[in-house]
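Trainee: Could you take me through the aromatic side chains in this one, slowly? I'd like a close look at how the rings sit against each other.

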Amino acid sequence: MTEINSVTTLTRDGDIAVITLNSPPVNALSAKVREGLHEGFKSANASDAKAIVLICDGRTFIAGADITEFGGAMAGPSLQDVQDMMEGSPKPVIAAIHGTALGGGLEVALCAHYRVAVPSARVGLPEVNLGLLPGAGGTQRLPRIVGVEAALDMVTSGRHVPAKQALAMGLVDELVEEGKLFEGALAFARKAVADGKPLVKVRDNNAKLEAAKGHPEIFADFRKANARKFRGFLAPEYNIRCIEAAVNSATFEEGLKAERKLFTELMMGAQSAAQRYYFFAERQANKIPDVPDDTPLRPIKRVGILGAGTMGGGIAMNFLNVGIPVTIVEVQEAALERGLSTIRKNYERSRTAKAEETEARMALLSGSLDFDKLGDCDLIIEAVFERMDIKKDIFARLDKVAKPGAILASNTSYLDIDEIASVTSRPQDVIGLHFFSPANVMKLLEVIRGEKTAKDVIATSMKLAKQIGKIAVLAGVCPGFIGNRMLSQRQREAQKLVMEGAMPWDVDRVLYDFGFPMGPFAMSDLAGLDIGWVKENSKGETIRDVLCEMDRRGQKTGAGYYDYDENRNAVPSPVTEKIINDFIVKSGANPRKISDEEILERCVYPMINEGAKILEEGKAIRPSDIDVVWVNGYGWPVYRGGPMHYGDLVGPDKVLAKMQEFQATMGEAFKPSALLEKLVADGKKFSDIKA
Ligand code: 3HC
Ligand code: NAI
């Protein structure tokens, strides 16, 4: 065995040279790895070996370029040097893939002459999710194997293609038995030598590109079909242009040059910086300074849920999906029936779940009106009406019924978890698990740590979140926690702006153009204006009251802030405009023309300021956690990183100056956070704040 460097070895198995990478956690293409590969292939190429196998130790094949190195100076051999060494090898090179071959990892594998994989492996070019494109020839080689349409899909979705599908697409040449990758790759290499198989260079294979030449409509149609999905993002368009370049360039090198130019542009831009920041933000959120990774977990084998309403049903599905039995307890028979049948309908409507899967999941679900049925649950999540008296009553009863050590969770949106915990004899077992609606779809889970919540309860909740496919963020107890607390700021300003002269569609347009999926008024129309509205108490005191009294209760009644045409398209409503104008006249205010810039600053800066207050009070661990909440729970455009990242981009000094200006003219709602003031005084940014 030759040790090439600290992460690479070169060994021999008979006639076959074997290069093994071992650079945990994911064998990313760091300078060391590139050096190891370069030197390894150089030696193997020069040796008398008849073929070369590239294989990785640990959990995965190369998962991509090392993202932590982006933006820094390049050290050691470039990725292209490595690729040239492989592709130009005078003997067959075989990449042996397990885990994930992603991004630069797949681009390396595409420079091997052959690829073998185990069935559990997945391959993909997920650079688009980092605001990038595959910058090591991926956009030029991929369409040469899979064709233009499949390549467009892969590079713009970043999806991980399972090995079996990769085989069918030609990305992989052979599947070998699970757990026997090394043996399988060696056998493949020996056969390649024995059969005198050609040294296939993907770059030379132009047939699939020829087929797409002279058909620009392929690209036009693809852009059109995905316009909504790609809105605001640069990277999908740049990826498409690269595939276009593959088709239209006279040579492979020319296409490569176009790819490199577009890659560099993305890499230098703000969108990719935000998306790379976000990649690490999501992974950071799992790390809780005083809850070590090895904290023992409480086993969760059965989950109980109280309330089969909007949230209870959706929450239940998360656990059923991963095979954890669920008991739902209701007070009303009809609500229970409705809740259970909604779950079934959701499964039946889902395109992914097969009939037998629906039955298997439903078989894990039981419903009851008997509170005592919760006695054998390891985790009980309360999702009943948002009223403290009801929640306290329930937790007092849970305290008597739940088995010792069971985690008692509330899905409350705003209420004080400590107050809820105080009615139990075991506040250490009480936690907030704030799911977002629809709870079976939305990725975010705010985990609310009470004053007395035990560390193992926190660790178990974070782990469980991962198990059910959620992205969890830990928050402290305060009204609305992280997300809704900041949302309240935006909502207040949106309402005020309308009373000052902006129309709901002006506010919505500005936020939509910023990158949110919809603005606050369109959102209200979608959710229903009558949430929390009580007809008997309504006295026409707010715009919403009047709209509801007119039965303009949102999309479901065909009108709300907006009118809706037959295709459910929102159109600005003269009725709403008149109601607003009447309110303004009645209030004696002077409506004024409000600029788009002011709308954005009024809606977004108070959110950043509130985020700073949340940090200052220790209710979020780090600024990036707040960003994870907003990207996953509220549709903040990921290419703007999240509100705190955006605050850094604008500049904390500029945010502070605006808050001070607003405070002077509009009052204490805009009082700057002490933390924001301190950051500016110290010349620092949110990103300087560590957990
Ligand atoms: N570079 C640097 N670090 C990386 C990394 C990468 N490409 N991929 C993962 N890591 C780190 C993570 O930050 C994490 O670190 P931590 O333990 O300190 O938090 C650790 O590896 C494990 O990652 P995950 O927690 O995400 O582990 P999972 O097992 O859940 O997922 C994975 C593994 C599917 C490989 C996932 O990490 C992933 O999707 N990684 C990114 C893949 C990617 O985007 N590749 C393309 C990179 S860009 C590129 O290649 C450009 C090229 O075209 C030139
Ligand atoms: P919902 O009104 O749809 O459902 C509540 C259900 O609880 C009803 O079916 C009711 O019959 C049942 N219930 C009432 N008292 C009960 C009791 N003592 N025991 C058992 N069941 C009882 O309400 P929704 O929207 O599901 O909200 C539930 C909780 O989730 C609230 O605390 C809410 O703030 C929170 N939440 C709601 C979100 C939403 O978008 N709807 C989002 C996140 C949290």
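Mentor: Sure, let's go through the ring pairs, then the charges over rings, and finish with the ligand. Keep in mind that this is a predicted model.

The structure has 16 aromatic pairs. Take Tyr114 and Phe188: their ring centres are 5.5 Å apart and the planes meet at 55 degrees, so this pair counts as tilted. For that label the angle has to fall between the cut-offs, since under 30 degrees would be stacked and over 60 edge-to-face. Now find the two on the chain. Tyr114 belongs to strand E7 (residues 114-117) and Phe188 to helix H7 (residues 181-195), so the pair links distant parts of the chain, 74 residues apart. Both partners are tucked away: Tyr114 is buried at a relative accessible area of 7%, and Phe188 is buried too, at 6%.

Next, swing over to Phe436 and Tyr634. Here the centres are 5.5 Å apart, but the planes are at 80 degrees, which makes the pair edge-to-face. Phe436 is in the loop between strand E16 (430-435) and strand E17 (444-449), while Tyr634 is in the loop between helix H26 (623-633) and helix H27 (643-650), so this pair ties together parts that are 198 residues apart in sequence. Phe436 and Tyr634 are both buried. They also have company: one aromatic cluster is formed by Phe436, Phe514, Phe516, Trp630, Tyr634, Trp636 and Tyr646.

Phe516, from that cluster, brings us to the charges. The charged end of Arg490 sits over the Phe516 ring, 4.8 Å from its centre. Look at Arg492 as well: Arg492 lies over the face of Phe670, 5.7 Å from the ring centre.

Since you have the model open, turn to ligand 1. It is surrounded by 24 residues, and the closest are Arg59, Glu107, Glu127, Arg283 and Lys287. Two of those arginines reach oxygen atoms of the ligand: a polar side-chain atom of Arg59 is 2.6 Å from one oxygen, and a side-chain N or O atom of Arg283 is also 2.6 Å from an oxygen. Ala65 uses its backbone instead, with an N or O atom 2.8 Å from a nitrogen atom of ligand 1. On its own, ligand 1 has 980 Å² of accessible area, and the protein covers 76% of that. As for the shell, strand E6 (100-102), helix H3 (104-109) and helix H13 (270-284) each supply at least two residues, with the largest share, three residues, coming from H13. By type, the shell has 13 nonpolar, five polar and six charged residues.

Methods
Residues numbered from 1 in each chain as written. Chains lettered and ligands numbered in written order. Predicted model: local features only at pLDDT ≥ 70, side-chain atom pairs only at ≥ 80, totals over all residues. Heavy atoms only, no water. Phe/Tyr/Trp six-rings, centres within 6.5 Å; stacked < 30°, edge-to-face > 60°. Helix = DSSP H or I, 4+ residues; strand = E, 2+ residues; numbered from the N terminus. Buried < 20%, exposed > 50% of the residue type's maximum accessible area, 1.4 Å probe, protein only. Lys NZ or Arg CZ within 6 Å of the ring centre and 35° of its normal. Near = heavy atom within 4 Å. Polar contact = N/O pair within 3.5 Å; in protein donor to acceptor, adjacent residues only side chain to side chain. Areas by Shrake-Rupley, 256 points an atom, 1.4 Å probe, with all protein chains shown as cover. Nonpolar A, V, L, I, M, F, W, Y, C, P; charged D, E, K, R; others polar.
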